[in-house]
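Thanks for coming. I will go through one protein chain today, starting from a single residue and working outwards. Please look at the structure while I talk.

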Amino acid sequence: MARSVKELVEAANAVVPRITPAEAQERIVAGNVLVVDVRDAPEVQQSGKVAGAVHVPRGMLEFRADPSVPSHDPQFDKNKTVIVYCASGGRSALAGQALKELGYNEVYNLGGFKDWADSGGAVERA
């Protein structure tokens, strides 16, 4: 049976906890964290990204996160806490679910970049 995007995101939100910018900052300060921006390149160029985040467009995430493929990015380590975000939280929920399916255990959805920036989180511009 076909599912809607809304249903797919709801299912992803059920397995990937949403955290606040303050909670994300606490985890970042604690260390051993990879922050991943899954927005498209024009979005990142326009607004910047969370300071220190790696930018991997949603469509390439699995190819960067899976250590068994040649395009694997070594920054992706299953022993790290992974925090994903996008513009509003939908793509990052789906991305978080994909990472969990790839064997990443500690994955959190920060939601939207604007929430991070509005909370005073550090932003890095290209």
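Start with P74, which is exposed, because its relative accessible area is 68% and the cut-off for exposed is over 50%. Before going on, note that this is a predicted model. P74 sits in the loop between α4 and β4. If you want a sense of distance, take T20, which is 54 residues from P74 in sequence and, C-alpha to C-alpha, 27 Å from it in space.

Two further residues can be treated in that way. Q46 belongs to helix α3, residues 41-47. With 67% relative accessibility, Q46 counts as exposed. Its partner for the distance is Q75: the two are 29 residues apart in sequence, and their C-alpha atoms are 24 Å apart in space. Then there is V29, in helix α2. V29 has 62% relative accessibility and so counts as exposed. Between the C-alpha atoms of V29 and L102 there are 25 Å, and along the chain the two residues are 73 apart.

Now the chain as a whole. How many helices and strands does the protein chain have? The secondary structure comes to six helices and six strands. Reading along the sequence, you meet them in the pattern α-α-β-α-β-β-α-β-α-β-α-β. The C-alpha atoms fill a box of roughly 40 × 30 × 30 Å along the principal axes. Is that what a compact globule would give? For a chain of 126 residues, such a globule would have a radius of gyration near 14 Å, and this protein chain has 14 Å, so the two agree.

Some totals follow. Of the 126 residues, 38% count as buried. The exposed surface of the protein chain is about 6700 Å², and carbon and sulfur atoms supply 53% of that. As for contacts, consider those between residues at least 6 apart in sequence: 67% of them join residues at least 24 apart.

There is also a record to mention. An unreviewed UniProt entry carries the annotation "domain: Rhodanese" for residues 29-125. In the model, that span is 33% helix and 24% strand, and its end C-alpha atoms lie 20 Å apart.

Next, one helix in detail. Helix α5 runs over residues 90-101, and its twelve residues, at 1.5 Å a residue, should span 16 Å; the end C-alpha atoms are 17 Å apart, which agrees. Which residues of α5 are buried? They are G90, S92, A93, A95, G96, A98 and L99. The cover over these buried residues includes α1 (5-15), α4 (61-65), β4 (81-86) and β5 (107-112). Just after α5 comes G103, with a positive phi of about 105 degrees.

A positive phi also turns up at N32, at about 55 degrees, although N32 is not a glycine. Where is N32? It is in the loop between α2 (21-30) and β1 (33-37). N32 has 48% relative accessibility, so it counts as partly exposed.

Now the aromatic rings. To describe a pair of aromatic rings, you give the distance of the centres and the angle of the planes. The count of aromatic pairs comes to two. One of them is F76 with Y104: the ring centres are 6.4 Å apart and the planes are at 85 degrees, so this is an edge-to-face pair, the cut-off for that being over 60 degrees. The pair links distant parts of the chain, since F76 is in the loop between α4 and β4 while Y104 is in the loop between α5 and β5, 28 residues away. Are F76 and Y104 buried or exposed? Both are buried.

The last residue is K49, in strand β2, residues 49-50. Is K49 buried or exposed? At 16% relative accessibility K49 counts as buried, because the cut-off is under 20%. Leaving out residues up to four places away in sequence, K49 touches D37, R39, V44, V54, H55, Y85, F113, A122, V123 and E124.

To go back over two of these residues: P74 is exposed, whereas K49 is buried. That is where I will stop.

How values were computed. Residues numbered from 1 in each chain as written. Predicted model: local features only at pLDDT ≥ 70, side-chain atom pairs only at ≥ 80, totals over all residues. Heavy atoms only, no water. Helix = DSSP H or I, 4+ residues; strand = E, 2+ residues; numbered from the N terminus. Buried < 20%, exposed > 50% of the residue type's maximum accessible area, 1.4 Å probe, protein only. Expected span 1.5 Å × (residues − 1). Contact = heavy atoms within 4.5 Å. UniProt positions renumbered as here; feature names shortened; annotations may be inferred. Rg over C-alpha atoms; globule rule 2.2 N^0.38 Å. Areas by Shrake-Rupley, 256 points an atom, 1.4 Å probe, with all protein chains shown as cover. Phe/Tyr/Trp six-rings, centres within 6.5 Å; stacked < 30°, edge-to-face > 60°.
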